[in-house]
Amino acid sequence: MVRRNENEVVDAVRYIGTEDKPCPFCGSKQVSIEEWMGITNFVCDECGLIVSFIGKESEEAAIESWNRREL
Ligand SMILES: [Zn+2]
């Protein structure tokens, strides 16, 4: 279990795969996939980026959106 702060507890941390795009800001692949209140979020351990996609709440749809870019 990971506790980032007193309000947020995450049971298990899973990271994006080697085939997935890295963080668009810092290039790190230490980006975890976390579901909060039914919404899939991408959280970068390196720079603190948090990204989710409106209308792409499921993990499958969110990962597809995460990878749909050039960089
Ligand atoms: Zn980053």
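Among the contacts in this chain between residues at least 6 apart in sequence, 20% join residues at least 24 apart. The model is predicted, and buried residues make up 14% of the 71 residues in its chain. The secondary structure comes to one helix and six strands, and from the N terminus on these elements run in the order β-β-β-β-β-β-α.

**The sheet**

- Four of the strands form an open sheet in the order β3-β4-β5-β6, and the pairing in this sheet is antiparallel.
- The edge strands of the sheet are β3 and β6, the latter covering residues 50-51, and each of these two pairs on one side only.
- As general background, the strands of a sheet pair through backbone hydrogen bonds, and they may do so in either a parallel or an antiparallel sense.

**Strand pairs, from β3 to β6**

- Strand β3, which covers residues 14-15, pairs with strand β4, which covers residues 31-36, in the antiparallel sense over two bridges; here R14 stands opposite I33 in β4.
- Strands β4 and β5 also run antiparallel, and six bridges join them.
- Two of the residue pairs that link β4 and β5 can be looked up in the structure: V31 has C44 in β5 as its bridge partner, while W36 has I39 in β5 as its bridge partner.
- Strands β5 and β6 pair in the antiparallel sense over two bridges, and in this pair the bridge partner of F42 is V51 in β6.

**The two hairpins and their turns**

- The hairpin of β4 and β5 has two residues between the strands, and M37 in this hairpin takes a positive phi near 50 degrees.
- M37 has its place in the loop between β4 and β5, and its phi near 50 degrees is a positive value in a residue other than glycine.
- In general, most residues other than glycine have a negative phi.
- Is M37 buried or exposed? M37 is exposed, because 6 other C-beta atoms lie within 10 Å, and a residue counts as exposed if that number is 12 or fewer.
- Strands β5 and β6 form a hairpin as well, with five residues between them, and G48 in the turn of this hairpin has a positive phi of about 90 degrees.

**The nonpolar core**

- Which residues make up the largest nonpolar core? This core has eight residues, namely I16, C23, V31, F42, V43, C44, A62 and W66.
- The elements that give two or more residues to this core are β5, which covers residues 39-44, and α1, which covers residues 59-67.
- Strand β5 gives the most to this core, with three residues.
- In soluble globular proteins, as a general tendency, nonpolar side chains are buried together.
- V43 is one of the core residues, and if its neighbours within four places in sequence are left aside, V43 is in contact with V31, S32, E34 and I50.
- V31 and C44 both belong to the core, and this V31 has C44 in β5 as its bridge partner, so a reader can follow the two residues from the list of core members to the pairing of the strands.

Terms used:
Residues numbered from 1 in each chain as written. Predicted model: local features only at pLDDT ≥ 70, side-chain atom pairs only at ≥ 80, totals over all residues. Core = buried A, V, L, I, M, F, W, Y, C linked by C-beta atoms within 7 Å. Buried ≥ 20, exposed ≤ 12 C-beta atoms within 10 Å, placed from the backbone. Contact = placed C-beta atoms within 7 Å. Pairing = 2+ DSSP bridges.
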